[in-house]
Amino acid sequence: MDVKREFGLLRTVSSRSSIFEMDDYETLSKLPNKPRLSHKREKSFDERSLTELSLSLARGMEAYESSYSPSGRSGLDDSPSSSPQTCFEPHPIFAEAWESLRRSLVFFREQPVGTIAAYDHSSEEVLNYDQVFVRDFVPSALAFLMNGEPDIVKNFLLKTLQLQGWEKRIDRFKLGAGVMPASFKVLHDPIRKTDTIVADFGESAIGRVAPVDSGFWWIILLRAYTKCTGDLTLAETPECQKGMRLILTLCLSEGFDTFPTLLCADGCSMVDRRMGIYGYPVEIQALFFMALRCSLALLKPDAEGKEFMERIVKRLHALSYHMRSYFWIDFQQLNDIYRYKTEEYSHTAVNKFNVIPDSIPDWVFDFMPMRGGYFIGNVSPARMDFRWFALGNCVAILSSLATIEQSAAIMDLIEERWEELVGDMPLKICYPAIESYEWRIVTGSDPKNTRWSYHNGGSWPVLLWLITAACVKTGRPQIARRAIELAESRLAKDSWPEYYDGKLGRYIGKQARKYQTWSIAGYLVAKMMLEDPSHLGMISLEEDKQMKRVIKRSSSWTA
């Protein structure tokens, strides 16, 4: 088969490529023009609570062999498919977006293995925008899965898995075996007619930081592929099972940590420059949580897998409690923190991190509406970063790290603070921007991250797919539709820029690349998901009823 020819045409979405989570039915019932579903209620592996899994683990291998029999894995291969895709009149830029996405395809030995970061020939400096980034490829992968083209996703998963096995060194230091590359580049030798791959594990990145998020995105994408295709054989190969275990080994290893969250350096995620996210950034914690839940569904219950599953269950309980208790903020919680006592020296302390109320920034009091809430950017000893980070909050909704009530509150906040978080171009990567003296200290006077630009309050079109998925899951399609219409009014006309600058996201970013692939793919995924909400099952996990928040923070009020 001529692979390039196969990828040259937009194919009709098949029903098989739209896998639907059973518990998403209530959400879809709120949406207009919902597809008709063959609604056969069987509890899938994904839907099982952690308590149930703990009990199953205690019963031994027989219970798990039963749950992994062909008739027992309805969560992956027996999910009901939607009826033929809802008919809609595509926007004029939809076909243009597909054409641009296909132009970004990267081939290794005539097989598509990913998409380059940007296809901007007007820029003299290519830098690393001609590489395939793991995090950047995720929306491209979802677009191809939704369009019934899973082969490129499978090729990407296998190729990055192969790269994981390489020895990774920065200077004289050897990185952990589980580290996934940040990116890779295919080098074509026209004379010898050979292709070779060069991978970057952080040794070429700004600041020389390894990508913590790459491994998490890889696991999340593996589940999306499995959910979409119903193909269990890839995830169950010894290579994929080993790859997941290596990633989990890095994250679940015991050390000096007293928190279940992951300690990270600045620049280890989408915010890949110095922006004051060192510590326990919400983006990493949300991706960590989602990757753990995906791993729980994908790991085989053999001797090695069973041990990891037990550790995952314990970590998920601890992580969900910690995040929902200490990272969550709403009007009531902000008032509680404002009234905190300090210097409490016992296990009964309410102000467990000894946060000084005077350190609360003035802007948050005006930003916080009476209705709404969000997971703040970071929590560590004597430090709370109250900034809003879009990716972390959206992934918290999709992974069900956020409870149903918290998910609704996040969407309420977006509606209440539309001008601040969306403005003229969705979506602010973080809010607010840091500036003046704080900008000099936190970023080291970074000329790219000036106020309301790039990672410092810039508006990133790629986030459109995440907010759309969150809207579909929470039954708020009107928010997604409004955001998509904003994007459609400018993206193609502006040549699909990487990001926008300004308080309202009105100006094309001063160093933004044109024809940024994930801006293109983010729009396509958002558009297709809104028109056919059954696609949500690829990237969404339902709430585990056993991980309900039990702490009541009103006890922190002082007399």
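**Ring contacts, salt bridges and a four-stranded sheet**

Arg513 is placed over the face of Tyr129, 4.4 Å from the centre of the ring. A second contact of this kind involves Arg103, whose charged end sits over the ring of Tyr515 at 5.6 Å from its centre. Both descriptions, like everything that follows, come from a predicted model.

Rings also meet other rings here. Across the whole structure, a search finds 21 aromatic pairs. One aromatic cluster is formed by Trp363, Phe367, Tyr374, Trp388, Tyr431 and Trp452, and several of these residue numbers will be worth keeping in mind when the sheet is described below.

Turning to charged side chains, the count of salt bridges comes to 17. A convenient place to begin is Glu167, which takes part in a salt bridge with Arg169 at 2.9 Å, N to O. Glu167 also forms a salt bridge with Lys174, where the closest N and O atoms are 4.0 Å apart. How accessible are these residues? Glu167 counts as exposed because its relative accessibility is 53%, and exposed means over 50%. Arg169, at 43% relative accessibility, counts as partly exposed, and Lys174 is likewise partly exposed, with a relative accessible area of 47%.

Another salt bridge links Arg387 with Asp385, the closest N and O atoms being 2.7 Å apart. Are these two residues buried or exposed? Both Arg387 and Asp385 are buried. Elsewhere in the list of salt bridges, shared partners join Arg371, Asp412, Glu415, Glu416 and Arg476 into one network.

The backbone offers a further feature to follow by eye: an open sheet of four strands, ordered E8-E9-E10-E11, with antiparallel pairing. Which strands stand at the edges? These are E8 (328-330) and E11 (430-431); each has a single partner strand, so one side of each is left without a neighbour in the sheet. The partner strand E9 covers residues 373-380 and runs antiparallel to E8, the two being joined by three bridges. Within this pairing, Asp330 stands opposite Gly373 of E9.

Helix H11, residues 303-327, packs on this sheet. The helix touches E8, E9 and strand E10 (383-389), and its direction makes about 105° with that of E9.

Note on methods
Residues are numbered from 1 along each chain as its sequence is written. This is a predicted model: local features need pLDDT of at least 70, side-chain atom pairs count only at pLDDT 80 or more; totals for chains, interfaces and linings use all residues. Side-chain values use heavy atoms; hydrogens and water are left out. Rings of Phe, Tyr and Trp (its six-membered ring) pair if their centres lie within 6.5 Å; planes under 30 degrees apart count as stacked, over 60 as edge-to-face and the rest as tilted. A charge sits over a ring if NZ of Lys or CZ of Arg is within 6 Å of the ring centre and within 35 degrees of the ring normal. Buried means under 20% relative accessible area, exposed over 50%, partly exposed in between (1.4 Å probe, protein chains only). Two strands pair if DSSP finds at least two bridges between them. Contact means heavy atoms within 4.5 Å. Axes are lines fitted to C-alpha atoms, for helices over the stretch in contact, and angles run from 0 to 180 degrees between N-to-C directions.
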